[in-house]
Amino acid sequence: MTVLDRFRLDGDVAVVTGGNRGIGRAIAQALAEAGADVAIGNRDAESGRRAADEIAADTGADVRAYEVDVTDEAQVEALVEATVADLGGLDVLVNNAGITIHAPAEEMTVEQFQRVLDVNVTGAFRCAKHAGRVMIENPGDGRGGAGSVVTLSSMSARVANYPQHQVAYNASKGAVDAFTRQLASEWAEHDVRVNAVAPGYVRTDPVDEALAEDPELEALWTDEMLLSEMARPEDVAPLVVYLASEASWYVTGASLLIDGGYTVR
Ligand code: NDP
C-alpha cells in the first residue's frame, strides 16, 4: 500500500451538507474522486440534483441529492435513513452547511443570533447525532474505521474578523471547535473520529457578495495573509479527504487551520 492508497475512500459512503455549492460542492467532488459514494443534503432541490448529477458523471461515483434543512431534526434523520437505504451505509459526515449574518452586535436581533447558531452548531449536532448512530454500529478496526465526522469551523473561531460585524458567526465557529473536541472524546470508544477544518477566506458566494459591496475588503484581508490570496473551494477539499480517510487515523478532536497564514501574525 502506498501513502496515496491511504487517502482512498473506496467503498465508503459520505454525507455532505450544503454539497450543492461553494466549499461543500468541492468537498463532495473530492470525496467522490477519492472513491466514496456521496449524499448531498441541502435545501434547494434543483441545485442539489444538478451538483449530484455533474459529480456522478465526472467521477463514476453514486451521488444522490436530498432536500434537507439542517435546522429540522426530522429532515436530518430522514436524510441519514435515505442515505443508508440508497447507498448502503454511512461512514463519513461532513457538516458543511453554514450561514453568516452581518450586523453590528448592538443592532443584531436575538433571532438572527440564534438562527446562525441553529444552522452552524445545532445543525452540526443534529447531523452528527443521527449519522453517529449509524457509525457506532459500523464494524470498527481500532483505527477510526467506524466513521469520521468533519465539521466546517473557521479561523473566525480563533481571531476576530475586521472590519465586518459577525459576532454570531464567530461564536458559532468557536462552538464548533469545542463541540468537535468533546464529541471526539465521547466517540473514541466507538472508533469514530471527529475533527474540524478551519478555513480563512475562501472565494464562494458570501465572500463574493461582500466584495461586490465593498471591493476594498479584498486588499484589507489579503494583506493579512502570508500566502497573499484567498483560497478556492478546491483548496479546502483535500484536507477533508485526508480527515475522512485512514491516512488521518491518528487525528481526532482537532480543528485544522487552512488559512494561508492569516492567523500567524
Ligand atoms: P455558501 O453560502 O456558498 O454555501 C452554504 C451552503 O450551506 C449551501 O450549500 C446551502 O445550501 C447550505 N445551507 C445553508 N443553510 C442550510 C440549512 N439550513 N440546511 C441545509 N443546508 C443549508 O458557503 P461556503 O461554501 O462559503 O461555506 C461553507 C462552510 O464553510 C460554512 O460552514 C462556512 O461557515 C464555512 N467557511 C467558509 C469560509 C469562506 O470564506 N467561504 C471560511 C471559513 C469557513 P441551500 O441554501 O440550498 O440550503
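**Exercise 1. The ligand shell**

Task: State how many residues surround the ligand in this predicted model and which are the closest.

Solution. Step 1: count the residues around the ligand; there are 28. Step 2: pick out the closest, which are Asn 20, Arg 43, Tyr 169, Val 202 and Thr 204. Step 3: sort the shell by class, which gives 13 nonpolar, ten polar and five charged residues.

**Exercise 2. Polar contacts and burial of the ligand**

Task: Find which atoms of Val 70, Tyr 169 and Val 202 make polar contacts with the ligand.

Solution. Step 1: take the cut-off for such a pair of N or O atoms, which is within 3.5 Å. Step 2: start with the ligand nitrogen; one such atom is 2.9 Å from a polar backbone atom of Val 70. Step 3: turn to ligand oxygen. An N or O atom in the side chain of Tyr 169 is 2.7 Å from an oxygen atom of the ligand. At Val 202 the partner is a backbone N or O atom, 2.8 Å from an oxygen atom of the ligand. Step 4: add the area. The ligand taken alone exposes 890 Å², and the protein buries 94% of that.

**Exercise 3. The site that holds the ligand**

Task: Say where the ligand sits and which elements give two or more residues to its shell.

Solution. Step 1: locate the ligand; the largest pocket holds it. Step 2: assign shell residues to elements. Helix H1 (22–33), helix H5 (167–187) and helix H6 (205–213) each give two or more. Step 3: describe the pocket itself, which contains about 1,300 Å³ of space. It is lined by 47 residues, and those closest to its centre are Gly 98, Ile 99, Thr 100, Thr 204 and Pro 206. Step 4: list the elements with two or more residues in this lining: H1, strand E2 (37–42), H4, H5, H6 and helix H7 (217–222). H6 has the largest share, with six residues. Step 5: by class, the lining of the largest pocket has 18 nonpolar, 19 polar and ten charged residues.

**Exercise 4. The second largest pocket**

Task: Give the volume and lining of the second largest pocket.

Solution. Step 1: the volume is about 250 Å³. Step 2: 18 residues line the second largest pocket, and Asp 12, Gly 145, Ala 244, Ser 245 and Glu 246 are the closest to its centre. Step 3: the classes in this lining are four nonpolar, five polar and nine charged.

**Exercise 5. The cavity**

Task: Determine how many cavities of 30 Å³ or more the whole structure has, and what lines the largest.

Solution. Step 1: the search finds one cavity of that volume. Step 2: the largest cavity measures about 40 Å³ in volume. Step 3: its lining consists of Thr 17, Val 70, Asn 95, Asn 96, Ala 97, Val 119, Gly 123 and Ala 124. Val 70, in this lining, also has the backbone atom 2.9 Å from a ligand nitrogen. Step 4: helix H4 (residues 110–137) supplies the largest share, three residues. Step 5: four lining residues are nonpolar, four are polar and none is charged.

**Exercise 6. Backbone exceptions**

Task: Identify the peptide bond at Pro 163 as cis or trans, and the phi of Asp 191 as positive or negative.

Solution. Step 1: recall the usual case: most residues other than glycine have a negative phi, and most peptide bonds are trans. Step 2: the bond joining Tyr 162 and Pro 163 is cis, with omega about 5 degrees. Pro 163 belongs to the loop between strand E5 (147–152) and H5. Step 3: Asp 191 is not a glycine, yet its phi is positive, about 70 degrees. Asp 191 lies in the loop between H5 and strand E6 (192–199).

Methods
Residues numbered from 1 in each chain as written. Predicted model: local features only at pLDDT ≥ 70, side-chain atom pairs only at ≥ 80, totals over all residues. Heavy atoms only, no water. Near = heavy atom within 4 Å. Polar contact = N/O pair within 3.5 Å; in protein donor to acceptor, adjacent residues only side chain to side chain. Areas by Shrake-Rupley, 256 points an atom, 1.4 Å probe, with all protein chains shown as cover. 1 Å grid on protein atoms, 1.4 Å probe; cavity = no way out; pocket = protein on both sides within 12 Å on 5 of 7 lines; lining within 4 Å. Sits in = over half its atoms within 2 Å of the grid points. Helix = DSSP H or I, 4+ residues; strand = E, 2+ residues; numbered from the N terminus. Nonpolar A, V, L, I, M, F, W, Y, C, P; charged D, E, K, R; others polar. Points joined across faces, edges and corners; volume = space filled by probe spheres on them.
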